[in-house]
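Open the model in a viewer and keep the sequence panel visible. The stops below are given as selections, each followed by what is found there.

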Amino acid sequence: MSSAARAIAAHGLKRRALSLGAVKAFDHALQFLLPVVLVRALDTATFGEYRLLWLAVGTVMAVATLNMCGSLYFFLPRSDAPKKRLYIHHTLVFLAVSGLICGLAVSPWNPLLPAPMRPLGEYGALVPAFVALWVVTILLDYLPTIDERIAWQGYATVSVTALRGVLVAAGAVASGELRLILWLLLASVVLKLAILLFYIARHHGLGRPWFDRGVFAGQVGQSVPFGISNALFSLRAQADQWVAASLFALSSFAAFSIAGVVGQVVHIFRHSVMEAFMPAMSRMEAAGDVGGMMEMNRRANALVGLALFPILAAAFAFADEAVTIVYTASYLEAAPVMRLYVVGMAVMVIEVGSVILLLQQGPFAVKVYAAALVVSVAASVAAASVFGLTGAAAGSVLAIFLDRAATLRRVSRLTGIAFAQLQDWRGLAWSLGTASLAGALAWAVAPQGNALLRVVIGTAVLAAAYSAMNYRKFLR
C-alpha cells in the first residue's frame, strides 16, 4: 500500500475511532454518573455491596472469555461468510459454558467464595444468573465493530447502557435495596442477549456450520495464550482493589474503587482507537505488511495521547475538587490514589497489545503479565503497609512501567524496527509535556474556595492553553 493510500485509510479509521470513542464515552459516562446517584440513594453498606458485586464481575470477566471474543479480530477479517459464522458459533458455545461455570463460582453454593463476597449470598440465584448472562453477552461489545458496522455498535451499546443505567438508578431511588437492583440488572442483560442473537441471525445467520472440532481447536489455540495474558493483565489491575478491600475498612475500599474511574477514561480512548484500527492492522499483517501495521499502531497511539493527556492532567490537578463535587468530601481518600493512578495511565497510552496479538506472541505475553502480577501484588501489599490506602495502588503502577518496557523491546526485535522508531516518541512527549504545563498553569490560576468554580475555570484554562500549544495537530 502506498503512503497516500495509507494516509487516506488512516483518516477513515480515525473517524471510526472517534465514533467508537463517542459511544464508549457515553457508556462510561453513565458508569461514572450512576454511582453519583447510588451514593445518595443507598446506605453505605448497600453501596459497598454494589461495588463488590462489580469487582467480582470484573474479576470473573478477566478469566471467563480467554480472549475468544478478541480472537475474532484475527479470524473474521480474513475468512469467508461460512467460516465467519463458524467462528462466531464457536465463541457463543465457549461463552455459554464459561458463563455457567463462572455463575457457579460466584454463587452462595461455592464453599470457596471469598469472605468479602459472602454478603451477596443472601440474594440467592440473582448474582450467579446475572454473571452467567453477562459473560455470554460480552460478544455484543465486540462483534459489530469487528464486522466494521460502527453505527450498529453505537446503537446497541448506547441503548443497552442507557436502559441499564436508568433501571438501576430508578430501582435504587425507589427502594434503596440491592435485591431490586439485581432484578433490574438481570432484565437489562436478558435484553442484551436478545439483541446479540438478533444481530448474529441477521448478519451471519444461525444455521450451519455450528461446530468443527479441528477449527475450534485452532481458534482456542490462538485465543487461550492471549486470554491468559489478558487475564493476568486484568487481575493485576484489580489486585490492588482486592488488597484495599482486604486491608482497609469498607468505606476506604469504596473511596479506593472510586479513584479507579480514571482508568475508565483511558479504556475509552485506548480501546476505541484499537478496535477501529485493528481490522486494518490484521489485514496488513496477513499480507506481510508489518511496516504498515506498525505505522497504524503509531498513529493510533499518537491520537490517543493527543486526546488523553490533557484529561489526565486535569484529573491530577483537580483530584480533590473532583472527588468532593461528585462523591462528596466523605470520599476524599480517593484523591491521592487517583493522582497515583494518573501516572500509570499516562504510560498506558502506548498500546501494543494489539501488535502482540497479531504477531502471535501469546506465550511471551503470559510470562510478562504473570511476572507483573506477582510484582503488583507484592508491591501493593508492601506499600499499603507503609503509605496506607494510597500505597495499595503502587503495585499496579509499577507493573505498568515494567510490562510496557518488556513488550516494546520484544516488538522491536520481532519487527526489526528500532526502538526509537516504534512509536512517535517526539509527538507523545510533546503532547504529555504541553498537557503537564497546561495543567500546572490551570492549577495555579484557578481560584481557591468554591470547588466547582475552581474546576470549571481550571479546566477551561487547561483546555485553552493545551489547544493553543497543539492547534496544528488538531487541524490535521
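The tour goes from a loop and a short helix to two helix pairs, with a single side chain between them.

This is a predicted model, in which local features need pLDDT of at least 70 and side-chain atom pairs count only at pLDDT 80 or more, while totals for chains, interfaces and linings use all residues. Residues are numbered from 1 along each chain as its sequence is written, and side-chain values use heavy atoms, with hydrogens and water left out. Helices (H or I, at least four residues) are DSSP runs, numbered from the N terminus.

**Stop 1: the loop before helix 3**

Select Leu66, which sits in the loop between helix 2 (44-64) and helix 3. Its phi is positive, about 50°, although Leu66 is not a glycine. Most residues other than glycine have a negative phi. Leu66 is partly exposed, at 23% relative accessible area; here buried means under 20%, exposed over 50% and partly exposed in between, with a 1.4 Å probe and protein chains only.

Now add Asn67, in the loop between helix 2 and helix 3. Asn67 also has a positive phi, of about 65°, and is not a glycine. Asn67 is buried, with a relative accessible area of 12%.

**Stop 2: helix 3**

Select residues 68-75, which form helix 3. How many of its eight residues are buried? Eight of the eight are, so the helix is mostly covered. The buried residues include Met68, Cys69, Tyr73, Phe74 and Phe75.

**Stop 3: Gly121**

Gly121 lies in the loop between helix 4 (81-105) and helix 5 (126-137). It counts as partly exposed, at 22% relative accessibility. Draw a C-alpha to C-alpha distance from Gly121 to Val131: the two are ten residues apart in sequence and 13 Å apart in space.

**Stop 4: Asn297**

Select Asn297 in helix 12 (residues 290-317). Is Asn297 buried or exposed? It is buried, with a relative accessible area of 1%. Its side chain reaches the backbone oxygen of Glu351 at 2.8 Å. Show the surroundings next: leaving aside neighbours within four places in sequence, Asn297 is in contact (heavy atoms within 4.5 Å) with Met281, Glu351, Val352, Ser354, Val355 and Gln423.

**Stop 5: helix 12 against helix 19**

Keep helix 12 and add helix 19 (residues 425-445); their axes come within 8 Å and cross at roughly 20°. That makes helix 12 roughly parallel to helix 19, a term for angles under 35 degrees. Axes are lines fitted to C-alpha atoms, for helices over the stretch in contact, and angles run from 0 to 180 degrees between N-to-C directions. The crossing is right-handed, meaning that the near helix is turned clockwise from the far one by less than a right angle.

On the helix 12 side, pick out residues including Gly305, Phe309 and Ala313; the helix 19 residues that helix 12 meets include Leu432, Ala435 and Trp443. By class, this contact has ten nonpolar, four polar and no charged residues.

**Stop 6: helix 14 against helix 17**

Finish with helix 14 (residues 334-347) and helix 17 (residues 394-415), whose axes come within 9 Å and cross at roughly 15°. Helix 14 is therefore roughly parallel to helix 17. This crossing is left-handed. Which residues meet? Among them are Leu340, Tyr341 and Met345 in helix 14, and Val397, Phe401 and Arg404 in helix 17. The contact of helix 14 with helix 17 has nine nonpolar, two polar and one charged residues.

Methods
Helix = DSSP H or I, 4+ residues; strand = E, 2+ residues; numbered from the N terminus. Parallel < 35°, antiparallel > 145°, perpendicular 65-115°, else oblique. Nonpolar A, V, L, I, M, F, W, Y, C, P; charged D, E, K, R; others polar. Polar contact = N/O pair within 3.5 Å; in protein donor to acceptor, adjacent residues only side chain to side chain.
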